[in-house]
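Visitor: I should like to go through this structure by question and answer. Please end each reply on the value or name requested.

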Amino acid sequence: MSRKTKQTKFPNHLLLYRSRMQFTKEYVARLLGHKSARTVARLEGGHNLPGVSTLFKLSAILRVPTEFLYQDLFSELRSDIRKREEQMPVGKQGVLPLLLR
């Protein structure tokens with residue numbers, strides 16, 4: 001009999017940071033404005049990706065930057081962006097203009 005490894009769709013560190021804060025799923029759910037902990041459980045399990053507003057709320061509740069919560073996704077997206085930047089014409093690669101007054 002083969003065992004399927006459970007792969008999450010959206011790996012995250014929500015459980016880690018919630019545990020560090022010693023918050024229950026129910027507590028976080030109530031702060032998010034939900035009546036049950038099901039949403040938090042689904043997010044922690046990687047079944048759903050939160051919307052922007054919920055992501056910011058989780059960041060505030062767990063007291064960590066948003067990119068810490070979905071570190072793998074953030075790293076992957078940042079890497080993709082850096083690769084695209086390298087393909088941009090010379091002089092257009094991530095240069096911030098100087099603002100002179």
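Visitor: Which residues of α4 are buried?
Guide: This is a predicted model. Residues count as buried under 20% relative accessible area. In α4, the residues that count as buried are L58, S59, I61 and L62.

Visitor: Why do these buried residues of α4 lie on the same side, and what arc do they cover?
Guide: The buried set of α4 consists of L58, S59, I61 and L62. Their placement on the same side of α4 follows because, around the axis, they cover an arc of only 165 degrees.

Visitor: Which exposed residues does the face of α4 turned away from its buried side carry?
Guide: The buried side of α4 holds L58, S59, I61 and L62. On the face turned away from that side, the exposed residues are V52, F56 and A60.

Visitor: Against which helices do the buried residues of α4 pack?
Guide: The protein has six helices and zero strands, in the order α-α-α-α-α-α from the N terminus. The partners of the buried residues of α4 are therefore to be sought among helices. They are α1, α2, α3 and α5.

Visitor: Is S59 buried or exposed?
Guide: S59 belongs to helix α4, which spans residues 52–62. Its relative accessibility is 13%. Because the cut-off for the term is under 20%, S59 counts as buried.

Visitor: How far does a polar atom of the side chain of S59 lie from the backbone oxygen of V64?
Guide: Leaving aside residues up to four places away in sequence, S59 touches V64, P65, T66 and L69. One of these, V64, has its backbone oxygen at a short listed distance from a polar atom of the S59 side chain. That distance is 2.4 Å.

Visitor: Which residue just after α4 takes a positive phi?
Guide: Helix α4 covers residues 52–62. Just after α4, a positive phi of about 60 degrees is taken by R63.

Visitor: Within what arc do the buried residues of α1 fall?
Guide: In α1, residues 14–21, the buried positions are L14, Y17 and R18. Seen down the axis of α1, they line one face of the helix, because they fall within an arc of 100 degrees.

Visitor: What covers the buried residues of α1?
Guide: The residues to be covered are L14, Y17 and R18. What covers them includes α2 (25–32), α3 (38–44), α4 and α5 (66–69).

Visitor: Is E44 buried or exposed?
Guide: E44 lies in helix α3. Beyond residues up to four places away in sequence, E44 touches N12, L14, L15, R18 and K25. With a relative accessibility of 15%, E44 counts as buried.

Visitor: Which residues line the largest cavity?
Guide: The whole structure has one cavity of 30 Å³ or more, with a volume of about 40 Å³. By class, its lining has six nonpolar, no polar and two charged residues. The residues of the lining are L14, R18, V28, V40, L43, E44, L58 and L62.

Visitor: Which helix gives the largest share of the lining of the largest cavity?
Guide: At least two residues of this lining come from each of α1, α3 and α4. The largest share is three residues, and it comes from α3.

Visitor: What is the distance between the C-alpha atoms of T24 and V40?
Guide: T24 is in the loop between α1 and α2 and is partly exposed, with a relative accessible area of 42%. The side chain of T24 reaches the backbone nitrogen of Y27 at 2.9 Å. T24 and V40 are 16 residues apart along the chain, and their C-alpha atoms are separated by 9.7 Å.

Visitor: Which helix gives the most to the lining of the largest pocket?
Guide: The largest pocket holds about 210 Å³ of space, and its lining has eight nonpolar, one polar and two charged residues. Among the lining residues are L49, T66, E67, F74 and R78. Both α5 and α6 (71–86) supply at least two residues. The most, five residues, comes from α6.

Visitor: What share of the contacts with a separation of 6 or more joins residues 24 or more positions apart?
Guide: The protein has 101 residues, of which 22% count as buried. Among contacts with a separation of 6 or more, the share from residues 24 or more positions apart is 56%.

How values were computed:
Residues numbered from 1 in each chain as written. Predicted model: local features only at pLDDT ≥ 70, side-chain atom pairs only at ≥ 80, totals over all residues. Heavy atoms only, no water. Helix = DSSP H or I, 4+ residues; strand = E, 2+ residues; numbered from the N terminus. Buried < 20%, exposed > 50% of the residue type's maximum accessible area, 1.4 Å probe, protein only. Polar contact = N/O pair within 3.5 Å; in protein donor to acceptor, adjacent residues only side chain to side chain. Contact = heavy atoms within 4.5 Å. Arc of directions from axis to C-beta. 1 Å grid on protein atoms, 1.4 Å probe; cavity = no way out; pocket = protein on both sides within 12 Å on 5 of 7 lines; lining within 4 Å. Points joined across faces, edges and corners; volume = space filled by probe spheres on them. Nonpolar A, V, L, I, M, F, W, Y, C, P; charged D, E, K, R; others polar.
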